[in-house]
Amino acid sequence: MAQVMKHANWIKVERVPQPVPTHGQVYNSRSFPYAKQRIKHGASVSGTEVAAMPDKQDPPPVTAVNEGGPSPYVLLCEHASNHIPAEYAGLGLQSPDLRRHIAWDIGAADLARLLSQQLDAPLFLSGYSRLLIDCNRPLLTPTSIPTRSEDTEIPGNHGLTVDERGRRAAAYFTPFHNRVAATLDRRARAAAPTIVVGVHSFTPVFRGVARPWQCGVLYAAAAGFGQALIARLAADPRLNVGDNQPYQIAAAEDYTVPVHGDQRGLPAALIEVRQDLLATPKGIKEWAQRLAPALAGVAAGFRATSRPTGC
Ligand SMILES: [Zn+2]
């Protein structure tokens with residue numbers, strides 16, 4: 001698989017604040033020429049931790065934590081990592097850019113791991129930077145492998161062949177979502193109530209505009225669940241909780257909520273926490289201790305089970 005990565009390229013996106021942006025509105029998609037590409041999905045990952053490891057030194061595309069956990073929550077962290085294989089030469093970016101939000105969700109992985117512990121919930125963490133391919137975007141959307149993120153051009157994502165896009169999907173995207181789908185299918189067969197939650201973080205300032213929310217809950221079909229969680233968090237008068245802020249879910253531009261949640265008839269949402277509040281281990285711990293009881297408190301009202309659908 002290592003040689004698959006010879007011509008790297010990639011990107012990730014940030015989203016726009018006004019009025020309530022969808023993910024794709026933030027990206028420059030002018031150079032996206034692959035409207036009808038064929039994406040070949042990778043092999044099933046069932047029974048293995050590593051499905052498509054591109055290189056010995058590189059991490060697996062998905063890390064599953066407490067996969068059999070009894071919690072109704074199934075947690076995802078699609079932007080957990082800023083890792084890019086060496087073959088891609090950082091996609092032409094300097095290392096300071098690769099440590100920015102454009103490459104990953106700062107603090108989200110550690111927060112998600114604490115939530116997994118406190119809720120006794122399964123958690124799936126992606127192993128690679130969203131600059132390579134975004135695990136929370138449909139494969140055919142321009143923002144799946146963006147050529148620009150915020151105001152940063154991603155040289156390594158320009159001019160990709162259909163084959164290269166397919167390789168990235170097979171190496172980083174499909175193994176992650178196949179693993180999540182296998183767990184959701186298993187829970188469906190067991191008639192286990194399930195709620196899907198993605199754990200994310202967002203920048204305090206976007207294009208010069210300060211964001212007033214400490215956290216946000218993003219949802220689409222599961223408005224009852226989303227609003228119940230918001231109400232629970234907003235009971236703390238110190239918190240300004242975004243209701244579908246700072247982003248809005250759009251089926252054409254999001255993956256986790258539409259595919260793993262809404263299409264299965266499961267309650268589903270993304271939780272977004274402002275990154276300055278996750279800048280230290282103490283801050284991350286405080287947010288886990290705030291979010292875990294809120295999630296546990298609303299779970300009882302949402303006992304949905306789904307049919308198996310596959311990824
Ligand atoms: Zn994110």
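**Getting to know the fold**

Reader: In β3, which residue stands opposite Val 62?
Author: This is a predicted model, in which local features need pLDDT of at least 70 and side-chain atom pairs count only at pLDDT 80 or more, while totals for chains, interfaces and linings use all residues. Residues are numbered from 1 along each chain as its sequence is written. β1 and β3 pair in the antiparallel sense over four bridges; strands count as paired if DSSP finds at least two bridges between them. Opposite Val 62 in β3 is Ser 126.

Reader: How many helices and strands does the protein have?
Author: Both kinds of element are DSSP runs, numbered from the N terminus: helices are H or I and at least four residues, strands are E and at least two. Counted in this way, the protein has six helices and eleven strands.

Reader: In what order do the seven strands of the open sheet stand?
Author: The edge places belong to β1 and β10, each with a single partner strand, so one side of each has no neighbour in the sheet. Further in, β2 and β3 run parallel and share three bridges, and β2 also runs parallel to β6, with four bridges. The pairing in the sheet is mixed, and its order is β1-β3-β2-β6-β11-β9-β10.

Reader: Which residue of β6 is the bridge partner of Val 74?
Author: β2 takes in residues 73-77, and β6 takes in 195-202. In β2, Leu 76 stands opposite Phe 124 of β3. Towards β6, the bridge partner of Val 74 is Val 196.

Reader: Are the residues of β3 that point away from the strand buried or exposed?
Author: Leu 123 and Leu 125 point one way from β3, and Phe 124 and Ser 126 point the other way. A residue is buried if 20 or more other C-beta atoms lie within 10 Å of its own, exposed if 12 or fewer, and partly exposed in between, with C-beta atoms placed from the backbone. On both sides, these β3 residues are buried.

Reader: How many residues are in the largest nonpolar core?
Author: Such a core is a set of buried Ala, Val, Leu, Ile, Met, Phe, Trp, Tyr and Cys residues joined through C-beta atoms within 7 Å. Those with the most contacts inside it include Leu 75, Cys 77 and Leu 111. The size of the largest nonpolar core, in residues, is 78.

Reader: From which helix does the largest share of this core come?
Author: The share in question is nine residues. They come from residues 162-189, which is helix α3.

Reader: How many of the twelve residues of α2 are buried?
Author: α2 covers residues 108-119 and reaches 16 Å from its first C-alpha to its last. Its buried residues, including Ala 108, Ala 109 and Ala 112, are covered by β1, β2, β3, β6, β11 and α6, among others. Those three alanines also touch Cys 77, where touching or contact means C-beta atoms, placed from the backbone, within 7 Å. α2 is mostly covered, and its count of buried residues is nine.

Reader: Why does the span of α4 agree with its length, and what is that span?
Author: α4 runs over residues 223-234 and has twelve residues. The expected span is 1.5 Å times one less than the number of residues. For α4 that should give 16 Å, so there is agreement, because its end C-alpha atoms are apart by 16 Å.

Reader: What is the C-alpha separation of Gly 127 and Pro 59?
Author: Gly 127 sits in the loop between β3 and β4, and Gly 127 is buried because 23 other C-beta atoms lie within 10 Å. Its contacts beyond four places in sequence include Pro 59, Pro 60 and His 83. Gly 127 and Pro 59 are 68 residues apart along the chain, yet their C-alpha atoms are separated by 5.9 Å.

Reader: Where does the cis peptide bond from Gln 245 lead?
Author: This bond has omega near 5°. The residue it leads to lies in the loop between β10 and α5. That residue is Pro 246.

Reader: What is phi of Asn 66 near?
Author: Asn 66 lies in the loop between β1 and β2. Asn 66 counts as partly exposed because it has 16 C-beta neighbours inside 10 Å. Its phi is positive although it is a residue other than glycine, with a value near 50°.

Key: Contact = placed C-beta atoms within 7 Å.
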